[in-house]
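Visitor: I should like a close look at the charged pairs of this protein. Please set out where they lie and how they relate to the chain.

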Amino acid sequence: MTSDSPPPPRPTPDPGLRREVLRLAVPAFLALVAEPLFLLADSAIVGFLGTSSLAGLGVASAVLLTAVNIFVFLAYGTTAVVARRLGAGDQKGALAAGVDGIWLAMILGILAAAAVAIWAHQIVAFFGATPDATAEAVTYLRVSTLGIPPMLVVLAATGVLRGLQDTKTPLVAAVAGFSANAVLSLVLVHGVHWGIAGAAWGTVIAQTGMAIGLVWVLVRGARRLDAPLGFTAAGVLRSAVDGIPLLVRTLALRAVLLVTTWVAAGLGEPELAAHQVAMTVWSALAFALDALAIAAQALTGKSLGAGDVEGTRATTWLMVRWGVWFGIGLTLLILALHRVVPLGFSTDPQVQAALAAALLVVAVGQPISGVAFVLDGVLIGAGDARWLALAQTVFLLVYLPMVLGVWAAGLVGVTGLVWLWIAFTGFMAVRAAGLLWRARGDAWMVVGATR
């Protein structure tokens with residue numbers, strides 16, 4: 001069968017499959033929600049130090065999150081590999097592959113930390129903040145670089161556990177880490193009076209504790225099965241090479257967000273502020289949908305590893321339907337609140353009006369996002385990373401004329417912001433359509449322990 005052939009009959013999902021999806025998706029969603037609380041805790045605590053400290057935290061956090069998030073393939077790629085081997089009945093091999101991913105995370109973490117620490121001042125200066133804010137940002141960033149290796153280890157270890165069909169342990173680690181971070185930051189900033197550096201140290205210690213806890217869980221499992229724990233150059237190199245396509249995919253997605261923000265910056269200050277809040281709301285809604293994508297990664301890899309093509313298709317279309325229905329639910333929620341939400345973010349009538357208009361477009365696009373997120377997770381779980389890298393690059397190229405058309409038309413104000421979000425929703429529609437086209441075929445459904 002080719003990708004343009006009619007889809008085969010969709011198998012009726014086993015009733016137990018719905019419970020399995022929820023078992024994986026609910027803890028994954030709660031863990032995803034817990035992660036941003038690290039930043040919220042630091043923001044609340046640092047905010048009492050003054051405006052310069054809070055502004056510096058904003059710049060440093062943007063740099064830190066970018067440095068970590070470009071390596072999200074450590075979680076996604078590891079989930080797919082481990083789940084596939086688990087499905088094939090090779091639990092020892094699954095853990096061995098996971099260990100290779102953790103070693104790779106440590107290496108990349110050390111390199112990224114060194115680069116950020118060395119060029120911290122130059123990176124922060126690029127944002128053009130005030131001298132006081134720049135100094136605070138550099139201080140926070142240089143301390144926080146110590147936390148980059150454990151952050152990447154947490155990503156890889158979480159990917160291993162998801163591949164082993166365990167999303168509860170990462171949730172426990174996230175909740176424990178958030179709680180520790182909040183207490184440590186409060187004590188170190190206002191108790192010990194370390195200022196913004198205290199908030200950075202609190203995050204570093206909390207992330208290190210999370211990494212140690214998750215690795216300990218995996219080491220216990222590996223020892224129980226006599227799986228290798230040592231560094232193997234071939235295994236780490238294989239993990240690195242396998243991660244390149246997902247890295248390309250992630251960079252293409254980041255480029256979409258960057259060019260969208262660049263166009264928004266030319267619409268006017270109230271519209272830029274409204275766009276930033278709208279994008280924050282969109283990202284928050286994505287947590288619910290991304291939880292389904294995580295379940296899709298784990299279940300798809302496992303069923304293909306077991307050679308269960310029919311089960312894979314049943315799982316895929318079940319979660320696509322759920323993605324659409326979840327999206328419709330989010331649409332109704334935002335439509336009901338689109339005039340209320342702006343009141344919580346600004347007292348400026350221009351910002352409120354622009355945000356309310358943008359949220360209408362955000363609401364309409366949620367079912368489309370549901371399809372895109374779920375199928376992205378399915379194909380990642382199937383190990384279809386090379387196609388995803390190429391496809392996401394194509395999606396970016398298709399989006400550029402759409403978003404730059406808004407810029408070239410000279411649109412400003414609320415009208416410009418609405419058209420910008422229409423263009424972004426168009427990107428999500430193109431992405432969803434491309435992923436649906438791929439999912440209709442069976443080229444991605446490679447069975448066995450390895451792809």
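How many salt bridges does the count come to, by the rule that a side-chain nitrogen of Lys or Arg lies within 4 Å of a carboxyl oxygen of Asp or Glu?

Guide: The count comes to five salt bridges. This is a predicted model, in which local features need pLDDT of at least 70 and side-chain atom pairs count only at pLDDT 80 or more, while totals for chains, interfaces and linings use all residues. Residues are numbered from 1 along each chain as its sequence is written, and side-chain values use heavy atoms, leaving out hydrogens and water.

One of these pairs is local. Glu20 and Arg23 are joined by a salt bridge with an N to O distance of 2.7 Å. Both residues belong to helix H1, which covers residues 15-34 (helices are DSSP runs, H or I, of at least four residues, numbered from the N terminus). They are three residues apart, about one turn of the helix. Glu20 has a relative accessible area of 22% and is partly exposed (buried is under 20%, exposed over 50%, partly exposed in between, with a 1.4 Å probe and protein chains only). Arg23 also counts as partly exposed, at 32%.

Two further pairs involve helix H17. In one, Arg431 and Asp376 form a salt bridge whose closest N and O atoms are 3.5 Å apart. Arg431 lies in H17 (residues 413-440) and Asp376 in helix H15 (residues 366-381), so this pair ties together parts that are 55 residues apart in sequence. Both Arg431 and Asp376 are buried.

In the other, Arg438 pairs with Asp384, with 2.8 Å between the closest N and O atoms. This salt bridge again links distant parts of the chain, 54 residues apart: Arg438 is in H17, whereas Asp384 sits in the loop between H15 and helix H16 (385-408). Arg438 is buried, at 11% relative accessible area, and Asp384 is buried at 3%. Sharing of partners extends the picture, for salt bridges join Arg249, Asp376 and Arg431 into one network.

An uncharged residue also deserves a look in connection with H15. Thr300, which is part of helix H12 (residues 269-305), counts as buried at 1% relative accessibility. Residues up to four places away in sequence aside, Thr300 touches Thr312, Val378, Gly381, Ala382 and Trp444 (contact means heavy atoms within 4.5 Å). Among these, Val378 and Gly381 fall within the residue range 366-381 of H15.

Key:
Helix = DSSP H or I, 4+ residues; strand = E, 2+ residues; numbered from the N terminus.
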